[in-house]
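Welcome, and please load the model in your viewer with side chains ready to switch on. We will go from one selection to the next and look around at each stop.

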Amino acid sequence: MPSLMVGFDLDMTLVDSRPGIAAAYRALTAQTGVPVDAELAVSRLGPPLRTEIAHWFPPEQVEEAVLAYRELYPAYAITPTLPMPGAEDAIKAVHARGGRVMVVTSKIGRLAKLHLDHLGLAVDELAGDLFAEQKATALREHGATLYVGDHVADMAAAQAAGIPGVGVATGPCTRDDLSAAGARVVLDDLTGFPAALDRIIGLALEG
């Protein structure tokens, strides 16, 4: 039997980063003078940062704004971020079965690691700056058994990697959205993950 490796998305799957990200966007507005609706931005987390920045900045300023945001991020976004309900127990459930945990996120790795370290979330591997089907590369490389995420793009990643996608309806996508995108299982949140894990592993073994 292949070893268990469970991939998780980060924002709105393992961590509620909305307060911190909103604070970082407000700081970006203060620094640049370009108004960003922070609450709107955090209501649609999932796609890469450049996608969101492009809603607010002209094309020739996007890269500069991305760099400025990332420089502000550690000071503003880490402390206010909280673990999602059930996140720590979900990770422990995988480790209790002798498995490993990886995070695959559109956030760049060094910023994702700040969140994981600050919250004490014990993951074994981290791959950043990947979105949708791009995530499949990391999932395949590390032999992921399944992938857990809150966004339809996460379900696309799982499908591209040839593994079951597990949706959690804690982000911008509804249960129906996640099911329609190919989720094999949809949970209200991660509190139901430990009890469902053996059934989900069974789905993975069925192929």
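Start by selecting Pro164, which touches Thr145, Leu146, Tyr147, Ala158, Arg184, Leu203 and Ala204, leaving aside residues up to four places away in sequence. Bear in mind as you look that this is a predicted model. Pro164 sits in the loop between helix 8 and strand 7. Is Pro164 buried or exposed? With a relative accessible area of 6%, Pro164 is buried, because buried means under 20%. For a sense of distance, add Leu126: its C-alpha atom is separated from that of Pro164 by 19 Å, and the two residues are 38 apart along the chain.

**Back to helix 8**

Now select residues 152-161, which form helix 8. This helix is mostly covered, with seven of its ten residues buried. Colour the buried ones: Ala153, Asp154, Met155, Ala156, Ala157, Ala158 and Ala161. What covers them? Show helix 7 (135-141), strand 6 (146-149), strand 7 (165-168) and helix 9 (175-180), which are included in the cover over these buried residues. Just after helix 8 comes Gly162, with a positive phi near 75°.

**On to strand 7**

Select strand 7 next and view both of its faces, which are covered. Gly165 and Gly167 are on one side, Val166 and Val168 are on the other, and all of them are buried. In a regular strand the side chains alternate between the two faces of the sheet. Add strand 6, which pairs with strand 7 in the parallel sense over three bridges. To find one of the partners, pick Gly149: its bridge partner in strand 7 is Gly167.

**Across to strand 4**

Strand 4 (100-104) is the next selection. Four of its five residues are buried, and the strand is mostly covered. Which strands pair with strand 4? Strand 1 pairs with strand 4 in the parallel sense over four bridges, and strand 5 (residues 125-127) runs parallel to strand 4, joined to it by three bridges. For the pairing with strand 1, click on Met5, whose bridge partner in strand 4 is Arg100. For the pairing with strand 5, click on Val104, whose bridge partner there is Ala127.

**Into the nonpolar cores**

Select Val6 and show its neighbours. Not counting residues up to four places away in sequence, Val6 touches Val94, Arg100, Val101, Met102, Leu146, Val148 and Phe193. Now widen the view to the largest nonpolar core, which has 29 residues. The members that touch the most other members are Val6, Phe8, Leu14, Val94, Val148, Leu190 and Phe193. Elements that give two or more residues to this core include strand 1 (5-8), helix 5 (87-96), helix 6 (109-119) and strand 8 (185-187). Which element gives the largest share? That is helix 10, with six residues. Apart from this core lies another, of 28 residues, and you can select Ile21, Val34, Leu72 and Met84 among them.

**A buried loop residue**

Go to Ile78, in the loop between helix 4 and strand 3 (82-83). Ile78 counts as buried, because its relative accessibility is 8% and the cut-off is under 20%. Its contacts, again without residues up to four places away in sequence, are Tyr73, Leu111, Leu114, His115 and His118. Measure to Leu119 as well: the C-alpha atoms of Ile78 and Leu119 are separated by 9.1 Å, with their places 41 residues apart along the chain.

**Two positive phi values**

Most residues other than glycine have a negative phi. With that in mind, select Asp129 and Ala132, both in the loop between strand 5 and helix 7. Phi is near 65° for Asp129 and near 50° for Ala132. Asp129 is partly exposed, at 44% relative accessibility, whereas Ala132 is buried, with a relative accessible area of 10%.

**Last stop: the largest pocket**

Finally, show the surface and find the largest pocket, which holds about 360 Å³ of space. Which of its 27 lining residues are the closest to its centre? Select Leu45, Pro47, Pro48, Leu49 and Ser106. Then add helix 1 (18-32), helix 3 (49-53) and helix 4 (62-77), the elements that give two or more residues to the lining. Coloured by class, the lining shows twelve nonpolar, six polar and nine charged residues.

Definitions and conventions:
Residues numbered from 1 in each chain as written. Predicted model: local features only at pLDDT ≥ 70, side-chain atom pairs only at ≥ 80, totals over all residues. Heavy atoms only, no water. Buried < 20%, exposed > 50% of the residue type's maximum accessible area, 1.4 Å probe, protein only. Contact = heavy atoms within 4.5 Å. 1 Å grid on protein atoms, 1.4 Å probe; cavity = no way out; pocket = protein on both sides within 12 Å on 5 of 7 lines; lining within 4 Å. Points joined across faces, edges and corners; volume = space filled by probe spheres on them. Nonpolar A, V, L, I, M, F, W, Y, C, P; charged D, E, K, R; others polar. Core = buried A, V, L, I, M, F, W, Y, C linked by side-chain atoms within 4.5 Å. Pairing = 2+ DSSP bridges.
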